[in-house]
Amino acid sequence: MSQAETILSGSLQHQREALDRSEITASDLVQASLARMDRHAHLTAVVTRQDEAALRDAEAASRRIAAGAARSLLDGIPVVLKHNIVQQGQLATCAARILENFVSPYDATVVERLRAAGAVVVGRANMDEFAMGSSTESSIYGPCRNPWDPARSCGGSSGGSAAAVAAGIAPLALGSDTGGSIRQPASFCGVVGFKPSYGRVSRWGLVAFASSLDQIGPFARRVSDCAVLFEQIAGHDERDSTSLPQPAPKLRERLDGDVAGMTIGLPKEYLVEQGVDPGVLARVREAIAVLEGAGAKFVEVSLPHTAHTIATYYLIATAEASSNLARFDGIRYGRRAKDAVDLEDLYRRSRSEGFGAEVKRRILLGTYVLSAGYYDAYYGKAQRVRTLIRRDFELAFASCDVILTPTAPETAFRLGEKSGDPLAMYLSDVYTVSANLAGLPALSLPCGLSNGLPVGLQLLGKPMDELSILRVGDAFERLTPHHRLTPPEVA
Amino acid sequence: MARVAALARLALSPVEIEAMTRDLEQILTHVASLDALDTRGVPPTLHGFDLPTPLRPDRPAPAMDPELAVSNAPARQGTAFLVPKVLEEEG
Amino acid sequence: MTDWRDRYELVIGLEVHTHLKTASKLFSPAPVRYGDAPNHAVHPIDLALPGVLPVLNERAVELAIRLGLAIHATVNPVSVFARKNYFYPDLPKGYQISQYEDPIVSGGWLEIDVALDVAPNVALNAKRGETTTRRRIGITRAHLEEDAGKSIHDDAVAGGSDSAIDLNRAGVPLLEIVSEPDLRTPEEASSYLRTLRAILRALEVSDADMEKGQFRCDANVSVRLKGETAFGTRTEIKNLNSFAHVEDAIEVEAVRQIELIEDGKSVVQATMGYDPDRRRTHVQRLKENADDYRYFPDPDLIELRIDPARIESVRASLPELPDQRRARFESEYALSPYEAGLLTTSRTLADFFEATARASGSPKAASNWIIRDLLRVLKERDLEVEQTALSPDMLASLIRLVDAGRLTARSAAEIFPTLVAEGGDPERLMVERGLEAVSDSGSIDRFVDQVIAAHPDVVAQIRSGDDKPLNFLMGQVMKASQGKAEPGSVRKALAQKIRG
C-alpha cells in the first residue's frame, strides 16, 4: 500500500496533518482514492466517477495547502456523495432509470458548503432507487456489495456511501436518511453514520423522498470526523423553509471522552430477545457495560408506541413520496418513453418504464392512502400517531440525556434474501424510523462483530442535541477498538 | 388498484397488478394496527418543530439561462418543452 | 322562450383568480414578467428540478392581508399550504401549492351597485336620476396559490401534433377570491367583478388586467324557481376573461339550465367551457369524472403564522378604498351618492375626477362632464379613461372657459370629442374654430336687433305682458350667433330692447 493509501485509510486528523506537513498532496490523496475505486469496482459502491473534476479540484487544493491557505479541516479531503444530492454539471440519477441521464444545472447547499471548505467530490455512491429500500439492491447500477462479505448487502438506502467509506475509497461520504438510510448501512458496513436533527442540514438539492423525514448526514470511520463534516454542512439555509434558524454548532472541540454523570436510557421495548439477532444483542450489552464502566448511568425508559412506528412511517413516507415523485413525468427532464401515442400514454409509459418495482409499490401505497375517503383513516391517522411517538420521546428524555439501542435487529443479510418480501424489509427498520418521525439526531457506530459481520450501536438524542450523542459515541470509541476493525479484503 | 394506478399515472401489467395488490394488502393489514389507537384530541404532526414558515423578501433573482433550463428536456422547440398535443384545459 | 327572470331566479357564486403585484414569484425568486420568450423567466424551482424547495414570498402575504382587511374579512393567524395533486404538462411538480382547509383570509364582504329594475322594492325611495342601489355580497375566503405555466397549442408547434410548454407564468402568485352564492343576475356578477377589481387596483394588490390573464373568473351557476330556498344543481363555467363574457356566459348557461328543467330533464353537475363566438356553454368534464386531488399539507413548508402586529401595520398603511373615497366625495365635493358611486367605480376614474375638480375649482361641473359625457364615450368605445387623450387639465380648462363666459355650453360640447380623441389645449381649439362666446354689446345688439325686426308679432305679444315667447327669441338669437352669443348678455339685451 502506498503512503497516500495508508494515509487515506487513517483518520481525518492524520490526513490533515499529512497534508499540512506536505508529506503528501491533496492530489496524491485523491489519486489514491481513485485507485481504490478501481480496486473495489466489484463492490458497485461508487457508480459514477468524477475523476477529471476531482483531479482539478485536488490540484487547486494542493496549491492552497502549499501556500498555507487551507480553507478548512476538509481542504483537499476526498468525499463521496450519494447519487440523490445534486451537483452542477454532474449526473444525479438517484439510481433510477427515469433520471439516468439527468445532469443538474444547480448545486445542492451541502455541495456549495463542501466546495467552500475545499473538500473534493470524487464520485457518486450507489443507492436504492430514490432512496427507497434498505439493501441498495433496487438500483440501475446493480446491487452494492458489502466489503465485509460481497455476497451480503451493504444495507440501504445509502449503501454505496457506507461501503465506500468501509472500503477506504474515501474517508468521508454523505448520505441521506429518511427512515434509517444512513444508520442501517453504517451498521452493516462497520462505519459511523450520523443523522442530524431534522432541519439541521439544508435539503436544498437533495432529491426528495419524504420531505418531512429526509435529512442529509455524514459517514466516516471516526465519530469526530463525522462531527467535522457535520459542522461544515449544517446551519441555516434560507432556501429550505424547514431549515432551523440556528448556525451550525461547534461540536468536535467539545468531544472530551467524558461520559461520567451522563444518563443513558434503554427503551424496554427495543431490547427484547424476540426478533433480535443474539449476536447483535450481545454486542449491545457489552457496549452498555463499557459505558457503565466509564461512569454513565443507565435507566430504563419506555416508548410505548414502538409497535406502531413502522406503520406510521410507511404511511407518511409513501404519501409524501407519491407526491414528490409526480414531477418525474418525462417532460422537462428525465427519461421519456418512445412513441407515446398521446399525452396520457406519455405519462404512463414514461413513469412505468422509468420507475422500478419498489418505487411503484410506494407510489401506489402513497396515492392510495391520500385518496378521497381514505385520507383520515390512513394519512391523517398516521400524523396523529406521529404526535404520540414524539411525546413518547419527550417523556423518555425527561429522565435521560441519550437513548441507546441496536441500530438494526440483525447484521448484513444476504443479497436477494429479502427482496421478495417488502413487508419484512420494512419491519427491519424498526429501530431507526422513530428518530425520523420525531426529528431526533441519531448516530450509529461500530460495536464489534457477530459471526464476522459488524454490529451497529445506535444513540438517539433530544432534538437539536447532537452534542450528547457524539460525546457518548466518541467516548465509546476511545474505550474500544471496534472502529479500527477493517473488512478482510480491504486490510 | 386500477384506479390508484391511473391516479399515479402508472401502467401496470395484469401480473404487476396482481403482485402489487397482494403486497399492498399485506402492508395495509399491518398498518391497520393503528386503528387500535385512540387519537381523538391528538393534533397531527407535520414536522417535529414549532416554527412558522419563513418568509422571503420580494427581490427577484436573475432568471435562469433558458438554454440551461431546457438542457435536460427530452423534446424541445427553441426554449419551450414539447409534449404530445394537449387537448383539454385543466382548471 | 319568455324572459326567465319572470319565473326563475339565478344563484351565482364567483371564483376570481388575480395575479398579485409582486416582483418575484410566490415560492421562487424568478422575476414575474409578461411577454418573455418561453422559459426566459424561470428558476430551477419553477421547473420543479429534482431537489428544489419552495420559500414563501413575504410581499404576497402582505398583499393578501391587504385584500382581507379591505373586504372586512378575518385574516387568519394560522393558515396552511397544501398540495393539490394532478398531472398536467404546465404543472411542473405534478401538484399545485395552494391553501385548502385553512386559507389566509375568510369571511368577508363587499358592496356592489345593483340596477333598480331588479330591486323594485327600493325603487320608490330612489332619488331622481338614481337608477342603482347597493347590495352586500359575501366573500367566503381568499387564499394564496401559485399559477401554472402555459400550454401553447399553436399549429406552428412541431407541425401541429405537439404542444409547447412555457413555464414563465408557473409560480406567479395568485389570490383566489371565492364569493358566497349571493349574486342573482349576470349584471350583479359583473358589478361584483368591477367592484372587486377596483378594490384590488386601489390597494395595489393586483393590476388585474384581464387581457394579460391577471384577473380570471370562474362562475358557479344554478337556477331555481322564485320562492325556492334550496339550491339547484350547479355547473361551473371556467376561464371567463372579460366582463362581457361573464355576463353572457351566465345568461346563456342559465337559459340552458332552465330549458333542461322546463323539458323535464335535470341539470348535471359539470365543469363547463364558454365559447364567446357561438355564445354557447359546453360540458368539459362531468363531476363524476373529477380528479381526486389528494390534498395534504405541503411538508416542504410549515404553517404560515401572521401575528396581530403585522396585520395592524398593514391596516395602518392601507390606501383609501373605493367606499371610503365615495363617502369623502359626497361630503367634500357635495356630490350625490349616485354621482360619487359612479365616479369611484375605478381608481383611475376617481383620480381623474378629483384632479379635474381641483384644477377647475368646480367639482359639480367636473362631475357633470365626466358622468354625462366622458362615461358615455368610454362605454361606447369600451375604453378606460387612461386610454383616451383627455387629461384632467384639459377638462378643467374647458370648464374654466365655460365658467368665465368665454365658451358657451354648446361650443364646449363641440370641442369635447376632439379632446377625447386627440387631446389639445381647449382655449387654442376655441380660438382656431372661432367658437369664443360673443359678449361685447355691439355684436349682441346687432343679433338682437335682427331677431326683433324679424318677429314683430312675438315682440308685441311680450310687450302685452306675456313673457313666454321670450325663450323663443333667445333661441333665435343663439341660432343667429351660431351658439356663440353669451346667453346672459343676450337675455339682458332682449329685455332692454323690448321693454325699453
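**Entry 1: helix α16 of chain A**

I looked up α16(A) and found it mostly covered, with 11 of its 14 residues buried. A residue is buried if 20 or more other C-beta atoms lie within 10 Å of its own, exposed if 12 or fewer, and partly exposed in between, with C-beta atoms placed from the backbone. Helices (H or I, at least four residues) and strands (E, at least two) are DSSP runs, numbered from the N terminus.

The model is predicted: local features need pLDDT of at least 70 and side-chain atom pairs count only at pLDDT 80 or more, while totals for chains, interfaces and linings use all residues. Residues are numbered from 1 along each chain as its sequence is written, and chains are lettered from A and ligands numbered from 1 in the order in which they are written.

I noted the buried residues of α16(A), among them I469(A), L470(A), V472(A) and F476(A). The list also includes the residues E466(A), R471(A), D474(A) and E477(A). What covers the buried residues? The cover includes α8 (223-233), α9 (278-293), β9 (263-267), β11 (402-406), β12 (442-450) and β13 (453-461) of chain A.

I then checked the length of the helix. The expected span is 1.5 Å times one less than the number of residues. For the 14 residues of α16(A), residues 466-479, that should give 20 Å, and the end C-alpha atoms are 20 Å apart, which agrees.

**Entry 2: strand β7 of chain A**

Since β12(A) is part of the cover of α16(A), I followed it to a strand that it pairs with. β7(A) and β12(A) run antiparallel and are joined by 3 bridges. Two strands pair if DSSP finds at least two bridges between them. In β12(A), L443(A) stands opposite F194(A).

β7(A) also runs antiparallel to β8 (residues 215-220) of chain A, with 2 bridges. There V192(A) has A220(A) as its bridge partner. Are the faces of β7(A), residues 192-195, buried or exposed? Both are covered: V192(A) and F194(A) are buried on one side, G193(A) and K195(A) on the other.

**Entry 3: the sheets of chain C**

I traced an open sheet of 9 strands with mixed pairing, in the order β3-β7-β8-β11-β1-β12-β13-β14-β15 (chain C). Its edge strands, β3 (74-75) and β15 (280-286) of chain C, each pair on one side only. Inside the sheet, β7 (residues 105-115) and β8 (residues 132-146) of chain C are antiparallel over 10 bridges. T133(C) in β8(C) is the bridge partner of V114(C). Helix α1 (residues 58-70) of chain C packs on this sheet, touching β3, β7, β8 and β11 (173-179) of chain C, and its direction makes about 160 degrees with that of β8(C). Such axes are lines fitted to C-alpha atoms, for helices over the stretch in contact, and angles run from 0 to 180 degrees between N-to-C directions.

A further open sheet has 3 strands in the order β6-β5-β16 (chain C), with antiparallel pairing. The edges are β6 (95-99) and β16 (296-297) of chain C, each paired on one side only. From β5 (residues 81-85) of chain C, 2 bridges lead to β16(C), where P297(C) stands opposite A82(C).

**Entry 4: R279 of chain C**

I found R279(C) in the loop between β14 (270-275) and β15 of chain C. Why does R279(C) count as exposed? It has 12 C-beta neighbours inside 10 Å, so it counts as exposed. Leaving out residues up to four places away in sequence, R279(C) touches D248(C) and V252(C). Contact here means that the C-beta atoms, placed from the backbone, lie within 7 Å.

**Entry 5: the nonpolar cores**

A nonpolar core is a set of buried Ala, Val, Leu, Ile, Met, Phe, Trp, Tyr and Cys residues joined through C-beta atoms within 7 Å. The largest has 271 residues, and those with the most contacts inside it include V79(A), A164(A) and L67(C). Its largest share, 9 residues, comes from helix α10 (residues 309-324) of chain A. Apart from this core lies another of 44 residues, among them L390(C) and V451(C).

**Entry 6: where the chains touch**

I looked at chain B against chain A: the contact takes 39 residues from chain B and 54 residues from chain A. On the chain B side, α2(B) gives the most, with 7 residues. For chains C and A, 25 residues of chain C are in contact with 34 residues of chain A.

Note on methods
Two residues are in contact if their C-beta atoms, placed from the backbone, lie within 7 Å.
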